[in-house]
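Me: Got a minute to go through this model with me? I'd like to talk about helix packing and salt bridges.

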Amino acid sequence: MNQTLRLKGEFNQKPNSSRPGPSTIPAGAQVTADHLRKLVDDLARILDYWSGVSLVETPLVSVYYKRVIAKSNRLGKLLADGRRRPNDTIVGAKYAEGPKHVITHCVSKASIRRSVDLLLACAHVLEGEFNGWIDKEKLDRVNSGEIKLRTSELSKSLFANIVKDACYVERFGVELSREDVDDRSVVTFYDTGMDTRELLRRIGIDDFAIRSIDPNTMLLSKDQVKRVQHEAPYLIAMTVSDFARLSHDDFFERRDDVAPLSIPSPSTEPVIGVIDTMFDERVYFSEWVEFRNMLDEDIELQPKDFEHGTEVSSLIVDGPSFNPDLDDGCGRFQVRHFGVATQGRFSSFEVVRMIEEVVSGNQDIKVWNLSLGAEAEVHPNFISPEAAALDRLQCEYDVQFVVAGTNLGRQEGPRRIGAPADSVNSIVVNAVDADGRPARYHRTGPVLKFFSKPDVSCFGGDAGKLMRVCSPTGAQFVRGTSYAAPWIARKMAYLIQVMGFSREEAKALLIDSATHWEGREGPLEAVGFGIVPVRIADVLDVPDGEIRFVTSGVSEAYDTYNYDLPVPLHKGKHPYIARATLCYFPHCSRNQGVDYTNTEMDFHFGRLCESGIQPVDNNMQGEEGLHVLYEETARGEFGKWNNVKQVGEVFSERLRPRKAYFESGLWGMSLKTKERLNGHDGDGMRFGLVVRFKALDGENRIEEFIQRCSLRGWLVSKVDVESRIEVFVKTQEEIEFEE
């Protein structure tokens, strides 16, 4: 087996030097005067609607696009509000059937009137100078100056901008919330620039006792929600029931007649945080668990409230002792266990509050296991409050959550995952059976149609073979994603705290280890990138015919790149296929709906050719020249806006070595950082990258690779498990000074 290598080198940083050309429309598209006048009618109706509204000063206007739309093709001039560009006025986004984007703006009435004037002026030009329609060929001739506009109302650039805006827009409208609610709900309001509590007071809701997650997200009763829907339905962006019922695991109440286990006292082992139901301190491993009940002391607890949490912690502390065939080689872990729920219903609002308190108050913990999940499916158009809280906390505190993928229970499948398994930054874990097939109780992704969830899978028990846990009443046999997640939490804690990897590197390593050269072991929406090996050694090492290295960096400009990766050659050819896994933790904006992640890293990896990198996945995003790529394709095929990206080649016996473009045989990697909003959320964002090569001829060239990298300035070291364990133990020792 070959050890994983760590490469340390300099990533170059380059600003975006490209400048957008004149606005145009796709080949084959047409914009007609009739369509422009239809958009004028839409905006006129919207002005009429808001003239009868006195509650808010700034209207909300929704743009219904013809497809999922790229940022570069969204409104550029229409709905511009003074000095604010249309992108600055976005307050929400969702999908309509298709899927198609529906993007909501908060703009002044003057902006709407200005847009009406621009559309009418553009329609007059089309009718007077272009027989009522224009296509790409004619618009390009306008841009080049070959066709001169006779109007004085519009410059050629403004005319082209309006034509382009109208080309992608189907209609304008106002979104009104009519969703049925039957319980207390967490409601997110559009940001209108006014204080949300003041708005609630104006429609007769006493805000004195209302609690909030953020300035625009409030906890309201059923009657209060209905009042808002009656008085101001345009204000509500999202509504989710506050009360969730736990996604129950189909566990079997069957005692396991084995001798009681024993365990030594804890020493310097890493600590994993557990957020779950209660923990029973009478179990044999209780010395390894520091427990705190976060619920109100007036809540009466039942024996069943201690089962799930105790079982989950038993796997993290000592799982291999009673599941020897699942021994991962990671040893034992200490646990800091926080009880935030009972076995029945729980409040989303309260769970979010408690998780924030727990994580902020225990910043020494880097890996958190969360095996709680809601029975209800996640919404297709927004992230749950619980998941949004996890994503924000992971950015703020440099931690990693490992979240169970939730269970089907007694529901009919297929069924989407439940909250908080829609957390984008978390590692979401689904379960497989002993044969590696998706467990019969599994639920599926993706999240918001394009975000890949779950991330990985591992054994969680099923009817043919169950998992053994320690419950308050003794050993039990169970199954569920709740019991798959702890095994991944163990590995992540080992990689971060013992092996010294960053969370970005550790996550990329874990996902790479789950991926096979021959393709995925199951559908992406069910198993994620694949099934993680049982043994940590199989996560860290690769076969002799393979080379794998880990590297990391920080995005400080638009393009973060290195074109100096010297992959070995054989007879002037590359005898390898390659795979690369990229992980990063973007800031997210729940109020942006389906456009949730603020930052995108467009990843390019492959051999160097005369024009630059020849990507192994043929990704042409951001490359020079004309490349027609729809946003839906970019998201589906290249993981655009996903924070985990994996590119590579699938092994086949028919593959042959490829000739190198240059004698040096260099490969390169480039990460182009793009912002969805007009902020700087991606500045200084860290990334972890795992690259893996497989020799088509089976030859082991790792020493040659190390030598070639060293000659080109890379600092290369082998990831040695034994030496890292020694370092970890030394750092955990307490030093006593003589008085």
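What follows is a chat about one helix pair and some salt bridges in this predicted model.

Me: Let's start with the helices. At what angle do α1 and α2 pack?

Reply: About 160 degrees, with the axes 9 Å apart. Here α1 covers residues 33-51 and α2 covers residues 109-129.

Me: So are α1 and α2 roughly parallel or roughly antiparallel?

Reply: Roughly antiparallel, because the angle is over 145 degrees. The crossing of the two is left-handed.

Me: Which residues of α1 and α2 meet there?

Reply: From α1, the list includes Leu-36, Leu-39, Val-40, Leu-43, Ile-46, Leu-47 and Trp-50. On the α2 side, Ile-112, Val-116, Leu-119, Leu-120 and Ala-123 are among them. By class, the contact has 15 nonpolar, three polar and four charged residues.

Me: OK, new topic. How many salt bridges does the structure hold?

Reply: It holds 49. One of them pairs Arg-74 with Asp-595, at 2.9 Å from N to O.

Me: Where do Arg-74 and Asp-595 lie?

Reply: Both are in loops: Arg-74 between β5 and β6, Asp-595 between β30 and β31. They are 521 residues apart in sequence, so the pair ties together distant parts of the chain.

Me: Are Arg-74 and Asp-595 buried or exposed?

Reply: Arg-74 counts as buried at 9% relative accessibility, and Asp-595 counts as buried too, at 2%.

Me: Any other long-range pair to look at?

Reply: Try Arg-490 and Asp-328, whose side chains meet in a salt bridge at 2.8 Å, N to O. Arg-490 lies in helix α10 and Asp-328 in the loop between α7 and β18, so this pair links parts 162 residues apart in sequence. Both residues are buried.

Me: And which residues are joined into one network by salt bridges that share partners?

Reply: Arg-74, Asp-595, Glu-631, Arg-635, Lys-640 and Arg-676.

Me: Now a local one. What does Arg-202 pair with?

Reply: Arg-202 forms a salt bridge with Glu-198, the closest N and O atoms being 3.3 Å apart.

Me: How many residues apart are Arg-202 and Glu-198 in α5?

Reply: Four, so about one helical turn separates them. The helix itself runs over residues 196-202.

Me: How accessible are Arg-202 and Glu-198?

Reply: Both count as partly exposed, with Arg-202 at 45% relative accessibility and Glu-198 at 27%.

Notes: Residues are numbered from 1 along each chain as its sequence is written. This is a predicted model: local features need pLDDT of at least 70, side-chain atom pairs count only at pLDDT 80 or more; totals for chains, interfaces and linings use all residues. Side-chain values use heavy atoms; hydrogens and water are left out. Axes are lines fitted to C-alpha atoms, for helices over the stretch in contact, and angles run from 0 to 180 degrees between N-to-C directions. A crossing is left-handed if the near helix is turned anticlockwise from the far one by less than a right angle, and right-handed if clockwise. Contact means heavy atoms within 4.5 Å. Ala, Val, Leu, Ile, Met, Phe, Trp, Tyr, Cys and Pro count as nonpolar, Asp, Glu, Lys and Arg as charged, and the others, Gly among them, as polar. A salt bridge is a side-chain nitrogen of Lys or Arg within 4 Å of a carboxyl oxygen of Asp or Glu. Buried means under 20% relative accessible area, exposed over 50%, partly exposed in between (1.4 Å probe, protein chains only).
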